[in-house]
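Notebook open, model loaded. I'll jot down what I look up as I go.

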Amino acid sequence: MSLKRAIFAHQQAFLFPNLPLGSRVAQAEQKLADLCAQNAFTRIPAEDLQTGLLRVAEWITQHDGIEGLSRKDLKKMPWFLFEDLGDGMTLADLPSVLPEWLHWFRDHPSSGTLSVLLYQVLLKTLTREQLALLHPVVYEGIASSRHPKWQLWKDRCDRFHLLTLDGPDRLAERIYQGSLTFETFCREADFSGELATGGFVQRSLTRLLIRMQDYADQNTGLKLETLKALLNGFRDQQGRFLQIIPGFKAQLAEVLLRPFMNREPEANLKNLVRDFLVKNLGDPRTHPAAWQAVDPKARQVITLWLSGRPSRLDDKVWMFIEEANKQIVGLEKDFYQIKNQTTAVSPNLLLQSVHRLNAIIGVAQFFQLFDVINTCKTIESTLNRIAQRHAVEGPHVVDELFDRLGRLQTAVRDVPGFGFHA
């Protein structure tokens, strides 16, 4: 680059100290000032990535290949190859561009270009065919270098199979079997920032979720401690869930809950899965937004766990039990009021209690819950006797009411399919 072009490419004018006019430096300053005043040159604007991409894409389209591109453009191709051209296509999708450029790169290796290419291969979501072309070229460039940086990357690629087509499957299997956690992989493979959410990680986590579909199988599933280590591996050193890929939390929640849509889990497994999901997604009853992307059937499983309701219980029976317990609480309050009214019992209070009983009887008849119905009838008979006499005959009558109320509570708890949880 000439001196004049370097001067005019500078964003700000040079500031020279005030020197004696007779000195050579002062004379040179005057000449530069005169030259700048002539506006003989203009500053060449820097080209951004999108502008360069469109220019290179236009050249490739017009010349049906990369032949004729400058060396500078060819060295920058890793930035261009995998960028969206605006219609979902990339330069790498064009039939001959990627093979031609890889052939050029083999003949013109460069550490800087190799760095960008490795980063792009691990970051971008590429097709299997593209990866099959890229992996051997990138690994060859890494293995042929004696630089400590590339020797370190060669070790990472060998340990974690970063540049093989089955690398994501191998990583997923190691995480599943408990020999490696996701957090350890990211740390030892130096996957931080974008790389920790990039294409290689996405492919690995997809394989892991598929592999976990049978994790709760009683014969071939995971041991409890292995599952615990697997789940804890998705937390950072501060115990926070790693921000991996969009939607991963919801997908993991579905995989963990799906085996229990039709059966009850073992208690320790249930507690582990429930606590992990509530810790990282929140309670679905109080944080519905976090669970919105989860399959409603899977979401219902953890809701049942949190409410203490067995999943085998029919929804309509459960609604009856909730309503019956609500009415029983009201009856207990009514009976204490009856006990305290020593002179005369309010007819409205007695009528209210009968209405509560009828609310229970009406639904219990539908489900043919005869113990519940018969107990309600005996309580109603006692209330009618009090109404006819307008007063409580004696303390034994109130005791009778509370005794039969206790029997009603027991009858509701003993509804088939319902296990009572205090």
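**Cysteines.** I started with disulfides, and a search of the whole structure gave 0. This is a predicted model, so I'm reading that as a statement about the coordinates in front of me. I then checked two cysteines for burial. Cys186 has a relative accessible area of 11%, which is under 20%, so I put it down as buried. Cys376 comes out at 0% and is buried as well.

**Confidence.** Next I looked at pLDDT. The chain mean is 84, with 87% of residues at 70 or more. Residues 417-422 fall below 50, and this stretch has 11 contacts in the model beyond near neighbours in sequence. Where pLDDT is low, the predicted coordinates should not be read in detail, so I left those contacts alone.

**Cores.** Which residues have the most contacts inside the largest nonpolar core? I found Met77, Phe185 and Phe191, in a core of 85 residues. Helix α14 supplies the largest share of this core, 7 residues. A second core, separate from that one, has 29 residues, and Cys376 is in it along with Ile328, Leu369 and Val397, among others. In soluble globular proteins, nonpolar side chains tend to be buried together.

I followed Phe191 a bit further. Leaving out residues up to four places away in sequence, Phe191 touches Leu122, Trp153, Leu162, Phe185, Cys186, Ala196, Phe200 and Val201. So Cys186, buried at 11%, turns up again in that list.

**Helix α14.** Since α14 gives the core its largest share, I checked how enclosed the helix is. It spans residues 248-257, and 8 of its 10 residues are buried, so the rest of the structure largely encloses it. The buried ones are Phe248, Ala250, Leu252, Ala253, Glu254, Val255, Leu256 and Leu257. I noted Glu254 as the entry with a carboxylate in that list. What covers these buried residues? The cover includes α12, α13 (224-232), α15 (267-281) and α16 (296-307).

**Salt bridges.** The search of the whole structure returned 17. I looked at three of them in detail.

- Asp73 and Arg55 meet through their side chains at 2.9 Å, N to O. Asp73 sits in α4 (residues 71-75) and Arg55 in α3 (residues 49-63), and the two are 18 residues apart. Is each partner buried or exposed? Asp73 is buried at 6% relative accessibility, whereas Arg55 is partly exposed at 34%.
- Arg211 pairs with Glu173, with their closest N and O atoms 2.8 Å apart. Arg211 belongs to α12 (residues 199-211) and Glu173 to α10 (residues 167-177), so this bridge ties together parts 38 residues apart in sequence. Both ends are partly exposed: Arg211 at 32% and Glu173 at 29%.
- Glu400 pairs with Arg385, the closest N and O atoms being 3.8 Å apart. Glu400 is in α20 (residues 395-413) and Arg385 in α19 (residues 370-389), so the bridge connects parts 15 residues apart in sequence. Through shared partners, Arg385, Glu400 and Arg404 form one salt-bridge network. Arg385 is partly exposed, at 28%.

**Gln130.** I wanted to see what a buried polar side chain does here. Gln130 lies in α8 (residues 128-143) and counts as buried at 8% relative accessibility. What does its side chain make a polar contact with? The partner is the side chain of Asp93, at 2.9 Å. Apart from neighbours within four places in sequence, Gln130 is in contact with Ala92, Asp93 and Leu98.

**Leu165.** Last lookup. Leu165 is in the loop between α9 (148-160) and α10, and at 29% relative accessibility it is partly exposed. Which residues does Leu165 touch, not counting those up to four places away in sequence? I got Arg128, Leu131, Ala132 and His135. For Ala132 I also took the C-alpha to C-alpha distance: 7.0 Å in space from Leu165, with their positions 33 residues apart in sequence numbering.

Conventions: Residues numbered from 1 in each chain as written. Predicted model: local features only at pLDDT ≥ 70, side-chain atom pairs only at ≥ 80, totals over all residues. Heavy atoms only, no water. Salt bridge = Lys/Arg side-chain N within 4 Å of Asp/Glu carboxyl O. Helix = DSSP H or I, 4+ residues; strand = E, 2+ residues; numbered from the N terminus. Buried < 20%, exposed > 50% of the residue type's maximum accessible area, 1.4 Å probe, protein only. Contact = heavy atoms within 4.5 Å. Polar contact = N/O pair within 3.5 Å; in protein donor to acceptor, adjacent residues only side chain to side chain. pLDDT = per-residue confidence, 0-100. Core = buried A, V, L, I, M, F, W, Y, C linked by side-chain atoms within 4.5 Å. Disulfide = S-S within 2.5 Å.
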